[in-house]
Amino acid sequence: MIHIHHESSADAPVSVAFAYVDDASHTVDWLFGLSKFEPNTEQLSGLGATFDGTFSLKPIKIHSRVRVTGWEQDRLIALESYQGFQLKTEWHFSPVTDTTSHIVVDFYYELPGGLAGRAMGRAMEPVVALSIRHSDESLRKQIAAAHAAG
């Protein structure tokens, strides 16, 4: 299993940062390469909510169905796939000050074995690194804008 760890800060209170990430309707706006992230149940947030997602990062297109497996208001959002590409992600939120949030993301994914898996891993590595940089920058801007909008 491949693990990517990333830490960042956002210019907004934890409640704003958490609410922005927790609102799945925003996800394609900030998560680089995500072309689809749609609920497949009426539940849109919290434990048990499920979503269909597609990453379209040339030359790779990845589909997953994920379920929220951990959720604590203003502290944690965890998702894990149960169909398609195997992945798990955990978002941890904590205050730095009243107007700044610390966000920690741990992303895990599993590649198929053998030559195909190694080739896919080599192709994905630079794309994943690029996606993380762009997503972090975009997310921080979107959270700050949501905070400014009030």
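A residue counts as buried when its relative accessible area is under 20%, as exposed when over 50%, and as partly exposed in between. The exercises below use this cut-off on a predicted model.

**Exercise 1. Classify phenylalanine 18 and phenylalanine 93: buried or exposed?**

Step 1. Take the relative accessible area of phenylalanine 18, which is 1%. The limit for buried is under 20%. Phenylalanine 18 is therefore buried.

Step 2. Do likewise for phenylalanine 93. Its value is 5%, so phenylalanine 93 is buried too.

**Exercise 2. Describe how the rings of phenylalanine 18 and phenylalanine 93 are arranged, and find what the pair ties together.**

Step 1. Recall what is needed. A pair of aromatic rings is described by the distance of the centres and the angle of the planes.

Step 2. Give the distance. The two ring centres are 5.3 Å apart. Rings pair if their centres lie within 6.5 Å, and these two do form an aromatic pair.

Step 3. Give the angle. The planes stand at 75°. Over 60 degrees counts as edge-to-face, and that is the class of this pair.

Step 4. Place the residues. Phenylalanine 18 lies in helix 1, and phenylalanine 93 lies in strand 6, residues 87-97. The pair therefore ties together parts that are 75 residues apart in sequence.

Step 5. Widen the view. The structure holds six aromatic pairs. Ring pairs also bring in Trp71, giving a cluster of Phe18, Trp71 and Phe93.

**Exercise 3. Lay out the fold of the chain and compare its radius of gyration with the globule rule.**

Step 1. Count the elements. There are three helices and seven strands.

Step 2. Read them in order. The pattern along the sequence is β-α-α-β-β-β-β-β-β-α.

Step 3. Compare. The radius of gyration is 15 Å, close to the 15 Å that the globule rule gives for 150 residues. The chain is therefore as compact as a globular protein of that length.

Step 4. Add the box. Along the principal axes, the C-alpha atoms fill roughly 50 × 30 × 20 Å.

Step 5. Check burial and contacts. Buried residues are 40% of the 150 in the chain. Among contacts between residues at least 6 apart in sequence, 46% join residues at least 24 apart.

**Exercise 4. Locate proline 13 and list what it touches.**

Step 1. Find its place. Proline 13 sits in the loop between strand 1 (2-10) and helix 1 (14-22).

Step 2. Classify it. Its relative accessible area is 18%, so proline 13 is buried.

Step 3. List the contacts. Leaving out residues up to four places away in sequence, proline 13 touches Asp98, Thr99, Thr100, Ser101 and His147.

Step 4. Set sequence against space. Proline 13 and threonine 100 are 87 residues apart in sequence, yet their C-alpha atoms are 5.3 Å apart.

**Exercise 5. State what sets the phi of aspartate 74 apart, and classify its exposure.**

Step 1. Recall the background. Most residues other than glycine have a negative phi.

Step 2. Read the angle. Phi of aspartate 74 is near 60°, a positive value in a residue other than glycine.

Step 3. Place the residue. Aspartate 74 is in the loop between strand 4 (60-72) and strand 5 (76-84).

Step 4. Classify it. Its relative accessibility is 24%, so aspartate 74 is partly exposed.

Terms used:
Residues are numbered from 1 along each chain as its sequence is written. This is a predicted model: local features need pLDDT of at least 70, side-chain atom pairs count only at pLDDT 80 or more; totals for chains, interfaces and linings use all residues. Side-chain values use heavy atoms; hydrogens and water are left out. Helices (H or I, at least four residues) and strands (E, at least two) are DSSP runs, numbered from the N terminus. Buried means under 20% relative accessible area, exposed over 50%, partly exposed in between (1.4 Å probe, protein chains only). Contact means heavy atoms within 4.5 Å. The radius of gyration is taken over C-alpha atoms; the globule rule is 2.2 Å times the number of residues to the power 0.38. Rings of Phe, Tyr and Trp (its six-membered ring) pair if their centres lie within 6.5 Å; planes under 30 degrees apart count as stacked, over 60 as edge-to-face and the rest as tilted.
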